[in-house]
Amino acid sequence: MPPPPLTVWYDGACPLCTREIALMRRLNRAGRIEFVDVAEPDASCPIDPAVLLARFHAREDGVLLSGAAAFAAMWRAIPVLRPLGLLARNRRVLGALEWAYVRFLRVRPALQRLAR
């Protein structure tokens, strides 16, 4: 069986990330996404794990994506979210999503503390 067309790296030590990935796993009924927990010692990482933990990353069709582009790739792989992922192929939409993601990263540590 060929590998899934999309690989997603996530921070399994982050309570926000684990909740979101749990939802994405449930929606990934077709098995199109391989989820890799970077916090696991044996995780297979294409780049430095610290870099993977700083931003959300995914590999789609052999291309490593980060931030909003990685989220959009994940959405495209899940049928119910696919329209959002396709919309994010628009440069302006992706730019707005990236703008929001960068601002989210600033408050992520506080949100993580609240989620614990």
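In what sense do E3 and E4 pair, and over how many bridges? I shall begin there, and then work outwards to the rest of the sheet, the core and the helices. Please bear in mind throughout that this is a predicted model.

The strands E3 and E4 pair in the antiparallel sense, and 4 bridges link them. Within this pairing, Ala-58 has Leu-65 of E4 as its bridge partner. Together E3 and E4 make a hairpin, with 2 residues between the strands. In that turn, Asp-61 has a positive phi of about 50°.

Let me now turn to the whole sheet. The hairpin belongs to an open sheet of 4 strands, with mixed pairing and the order E2-E1-E3-E4. The edge strands, each paired on one side only, are E2 and E4, the latter covering 63-66. From one strand to the next, the twist averages 20°. Helix H3 packs on this sheet and touches E1, E2, E3 and E4. The direction of H3 makes about 115° with that of E4.

How, then, is E1 joined to its partners? In general, the strands of a sheet pair through backbone hydrogen bonds, either parallel or antiparallel. Strand E1, residues 6-10, runs antiparallel to E3, residues 57-60, and 4 bridges join them. Here Trp-9 finds its bridge partner in His-57 of E3. With E2, by contrast, E1 runs parallel, and 5 bridges join the two. In this pair, Leu-6 stands opposite Ile-33 of E2. Between E1 and E2 the chain passes through helix H1, residues 15-27, and the resulting β-α-β crossover is right-handed.

Is strand E2 enclosed or open to the surroundings? Of its 5 residues, 33-37, 4 are buried, so E2 is largely enclosed by the rest of the structure.

That brings me to the interior. The largest nonpolar core has 22 residues. Among those with the most contacts inside this core are Leu-6, Val-8, Ile-33 and Phe-35, together with Phe-56 and Met-74. E1, H1, E2 and H3 each supply at least two residues of the core, and H3 gives the most, with 8 residues.

Leu-6 deserves a closer look. Leaving aside its neighbours within four places in sequence, Leu-6 is in contact with Arg-32, Ile-33 and Glu-34, with Ala-58, Arg-59 and Glu-60, and with Ala-73, Met-74 and Ala-77.

Pro-5 lies in the segment before E1. Its relative accessibility is 39%, and Pro-5 therefore counts as partly exposed. Not counting residues up to four places away in sequence, Pro-5 touches Arg-32, Arg-59, Glu-60 and Asp-61. Pro-5 and Ala-115 are 110 residues apart in sequence, and their C-alpha atoms are 31 Å apart in space.

I close with a pair of helices. Two packed helices are described by the angle between their axes and the distance between the axes. For H3, residues 68-77, and H5, residues 91-115, the axes come within 8 Å and cross at roughly 115°. On the H3 side, the contact is made by Ala-68, Ala-69, Phe-71 and Trp-75, and H5 contributes Leu-94, Leu-97, Glu-98 and Tyr-101. By type, the residues of this contact divide into 7 nonpolar, no polar and 1 charged.

Terms used
Residues are numbered from 1 along each chain as its sequence is written. This is a predicted model: local features need pLDDT of at least 70, side-chain atom pairs count only at pLDDT 80 or more; totals for chains, interfaces and linings use all residues. Side-chain values use heavy atoms; hydrogens and water are left out. Axes are lines fitted to C-alpha atoms, for helices over the stretch in contact, and angles run from 0 to 180 degrees between N-to-C directions. Contact means heavy atoms within 4.5 Å. Ala, Val, Leu, Ile, Met, Phe, Trp, Tyr, Cys and Pro count as nonpolar, Asp, Glu, Lys and Arg as charged, and the others, Gly among them, as polar. Buried means under 20% relative accessible area, exposed over 50%, partly exposed in between (1.4 Å probe, protein chains only). Two strands pair if DSSP finds at least two bridges between them. A crossover is right-handed if, with the strands pointing away from the viewer, the path from the first strand over the helix to the second runs clockwise. A nonpolar core is a set of buried Ala, Val, Leu, Ile, Met, Phe, Trp, Tyr and Cys residues joined through side-chain atoms within 4.5 Å.
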